[in-house]
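Student: Could you take me slowly through how the helices in this structure pack against one another, with a close look at one of them and then at its surroundings?

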Amino acid sequence: MREYVNPLVMEGKTAIVTGGASGIGLASAEILAEYGANVIILDIQPEKGLEAATRISEHWGQCGFFGCDVTSDSSCRETVKKIENKYGHIDVLFNNAGVIVRKDVVHHQEREWDMVLDVCLKGTYLVSKYVIPVMVRSGGGSIINTGSGWGLKGGDKAASYCAAKAGVVNLTRAMAIDHGPDNIRVNCVCPGDTDTPMLRGEARQLGYDEEQFLRSSGVDRPLRRIGTPRDIANAVLFLASDLSGWITGTTIVVDGGGIA
């Protein structure tokens, strides 16, 4: 009888998750660890990051934490160098760090616009810039970028976020073309509204009750609910694993049918 090998198994792989201290990043770090990866969380929140890494290590295996500002070239360069020195290779990168400001262009402050573009788009570029050479030396890898449904269509009072996430979607395609010959796959996961600290923060920015805002965000979707972080993490695992070995340059929308 032929031995079955689970293509989702991540044993022996090293995976970086940016913004991994909470929300979608944390759920993705957990599921990657569950399936055997050595996970490294990058975040600017040291207490939450260390707490998450400790809990994941206790339950599923090795998980480390590095403080990293994804908007800083030197921080990204030095952090990736430390990771390569410690682990020897990087096989998976999940560019997930993000922020949102719920304003239209008229009411946006320049510093707010810059912050959203820097974290969501520049951060994806900078971490990738230093991880890709490590992947090349390791023989390839998988990069997953976090886009958004609002990277594919417009949304109200979220001008900078829509611009940043549309950039991430097309940056994904460009990276896939450039680095496919190095056996590096680059894909994008586009979540719909997901019950995370960021979505709850949006409710507060807009002056809404959190629970009512979350309920209303799911009511018009075909599946009649908003997402959980695990819903998105499942797609991240698929794109990180060998199960998606001939998929690159594409976008997977995980939104309960919200933009169907």
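Tutor: What follows is a walk from one helix to its partners, and then to other helix pairs. This is a predicted model, in which local features need pLDDT of at least 70 and side-chain atom pairs count only at pLDDT 80 or more, while totals for chains, interfaces and linings use all residues. Residues are numbered from 1 along each chain as its sequence is written, and side-chain values use heavy atoms, with hydrogens and water left out.

Let us begin with helix α5, residues 159-179, where helices are DSSP runs of H or I with at least four residues, strands are runs of E with at least two, and both are numbered from the N terminus. At 1.5 Å a residue, the 21 residues of α5 should span 30 Å, and this agrees with its end C-alpha atoms, which are 30 Å apart; the expected span is 1.5 Å times one less than the number of residues. The buried residues of α5 are S160, Y161, C162, A164, K165, V168, V169, T172, M175, A176 and H179, buried meaning under 20% relative accessible area with a 1.4 Å probe and protein chains only. These buried residues pack against α4 (110-138), β5 (141-146), β6 (184-191), α6 (197-206) and β7 (251-254).

Two packed helices are described by the angle between their axes and the distance between the axes. The axes are lines fitted to C-alpha atoms, for helices over the stretch in contact, and the angles run from 0 to 180 degrees between N-to-C directions. For α4 and α5 the angle is about 15° and the axes are 8 Å apart, which makes α4 roughly parallel to α5, since angles under 35 degrees count as roughly parallel, over 145 as roughly antiparallel, 65 to 115 as roughly perpendicular and the rest as oblique. The crossing of α4 and α5 is right-handed, meaning that the near helix is turned clockwise from the far one by less than a right angle. Among the residues that make this contact are W113, L117 and L121 of α4 and Y161, A164 and V168 of α5, contact being heavy atoms within 4.5 Å. The residues of this contact divide into 14 nonpolar, five polar and one charged; Ala, Val, Leu, Ile, Met, Phe, Trp, Tyr, Cys and Pro count as nonpolar, Asp, Glu, Lys and Arg as charged, and the others, Gly among them, as polar.

From α5 we can move on to α6, whose buried residues are L199, G201, E202 and A203, and these pack against α7. The axes of α6 and helix α7 (residues 210-218) come within 9 Å and cross at roughly 110°, which makes α6 roughly perpendicular to α7. The contact is made by L199, R200, E202, A203, R204 and L206 of α6 and E210, E211, F213 and L214 of α7, and its residues divide into five nonpolar, no polar and five charged. Just after α6, G207 takes a positive phi of about 80°.

A further pair is α1 (residues 23-34) and α8 (residues 229-240), whose axes come within 8 Å and cross at roughly 50°, which makes α1 oblique to α8. In this contact, residues including I24, A27 and I31 of α1 meet residues including I232, A233 and V236 of α8, and the contact divides into ten nonpolar, three polar and two charged residues.

Definitions and conventions: Buried < 20%, exposed > 50% of the residue type's maximum accessible area, 1.4 Å probe, protein only.
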